[in-house]
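The following exercises concern the structure shown below. Please attempt each task before reading its solution.

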Amino acid sequence: MYHHIDNNFGPNPELDRKIWEQENPADPSTWQWTSADSLFLKLIEECHARNIKIIIDGVFNHVGTTFWAFQDVVEKQENSSYKDWFVIKKWDDPLTSENEFDYECWAGAKSLPEFREDENGLVEPVKNHVYAIVQRWMDPNQDGDPSDGIDGWRLDVAEKVNIKFWIEFRGWTKAINPEAYTTGELWWEDWQNNEMVNAAPWFQKGAFDADMNYRFADAVKKWVIDVNNKISVQAFVDSLSSYMNDYPSENVFVLQNLMDSHDVDRLGSQIVNPDNWYDHKSNPGQNPDYNVRKPNDEELVIQKFIIGIQMTLPGAPMVYYGDEAGMWGGDDPDCRKPMVWQDLVYEPENSHPFNKPRPKDEVIFNQDLFDWYKKMISIRNENPVLSLGDLNFFLIDNENEILGYQRALDDDKVIIILNNKNESAEYELKLNKSLLDVENFKDLIDGSEYTNSNGIINLSLQPYQIMILRES
């Protein structure tokens, strides 16, 4: 049910079931608040008190087979009031022992029946139901003040639903909360041939504020993680510039820049397994040679480097739960393991799904990695130029694997230097015209000071080091 939180997440599951039984799920006027719902509303309140926003996952292309409307169709067949909510290909013939009932479903998964669409997207009764869901969670007490509600939506398999519906959906959210954030899962144009979607039409037509920017992840993977298939500094810049040029600037600054999610192998395991296409051959079931081991210290340095890139480029950085704690794992379901917490003790990982040899890996909360994430997030939050500043790639050194870019917001300027190799480097950084008058710079990461000597800063770069330099 879209209008309730799973009762198993609340303090009184049995009471919540009784509340459900008092409702007509098709009639919002009968909806009540369960103990699980109330707990979620309390979570929203506590998060907002800490200036934390909440977006929730909206899956409006399909439902599970236990969804109340689909269950009614299964039971009543052609006589169901909800038969037009779904695309029924064949009804069951009660005169036969066979069950002929068949329906359209997402990606061929019979456990996920799809909603019916017309030329405008979801058909009217389904659309009305979704609208009621949007109102319920964005303004729970319906008083016109959205401060007690969620702050936006992540919208599942968005390319599978007519764009006209998403334009209307975004209009609903902005009417309730003009600051609401919508991000679409716009991902594969052609998975088989490794071609990702260009989300420009959805932005140009006002369907979403952002998308899950897997194009960012793909570019970073190819430049930083891959070894045999590694791209040059210039190719990396071209890859980033490609989507930044495709999309309106207001969308670029809020793109959901991510490296991993519940649908791909974790960042740490991507680093352990370079040179595969993104989201391809990413667990032992897909790839017998996939390495399930824990990232080593050198690989964790690369992970830190990637997070530095993520936190200094335009877009809204997304950290998948547990990456900051040092979790690793292949594609679904291995990427969805329970969270690793500081105060819990875990058994080591020492088994392989196909009984292959593997090291015995200790499962512990990685405090050093966690502290790095905290530091990089703090630097981004404390320096609005990293969120809102214009971007200029002023140094592209393919030979030495060094990239420099500037972020500028009015008179506030910072420069970011990346050393993308496992070697130290002594480097003469030539300043651009806008920084020639700055005498001294400070690295916001480690506090090191650097002096401008006739337009040059002498840098000693460590392997996979990122510097964030600003006037001191």
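**Exercise 1: Two cysteines**

Determine whether C47 is buried or exposed.

Solution. Buried means under 20% relative accessible area, exposed over 50%, and partly exposed in between, with a 1.4 Å probe and protein chains only. The relative accessible area of C47 is 13%, so this residue is buried. C105 also has a relative accessibility of 13% and is therefore counted as buried.

The model is a predicted one: local features need pLDDT of at least 70, side-chain atom pairs count only at pLDDT 80 or more, and totals for chains, interfaces and linings use all residues. Residues are numbered from 1 along each chain as its sequence is written, and side-chain values use heavy atoms, with hydrogens and water left out.

**Exercise 2: Disulfides**

State how many disulfides a search of the whole structure finds.

Solution. A disulfide is a covalent bond between the sulfur atoms of two cysteines. The criterion applied is a pair of cysteine sulfur atoms within 2.5 Å. With this criterion, the search of the whole structure yields 0 disulfides.

**Exercise 3: The whole protein**

Describe the burial and the overall dimensions of the protein.

Solution. First, consider burial: 52% of the 472 residues are buried. Next, consider extent: along the principal axes, the C-alpha atoms fill a box of roughly 85 × 55 × 45 Å. Finally, consider contacts, defined as heavy atoms within 4.5 Å. Of the contacts with a separation of 6 or more, 65% join residues 24 or more positions apart.
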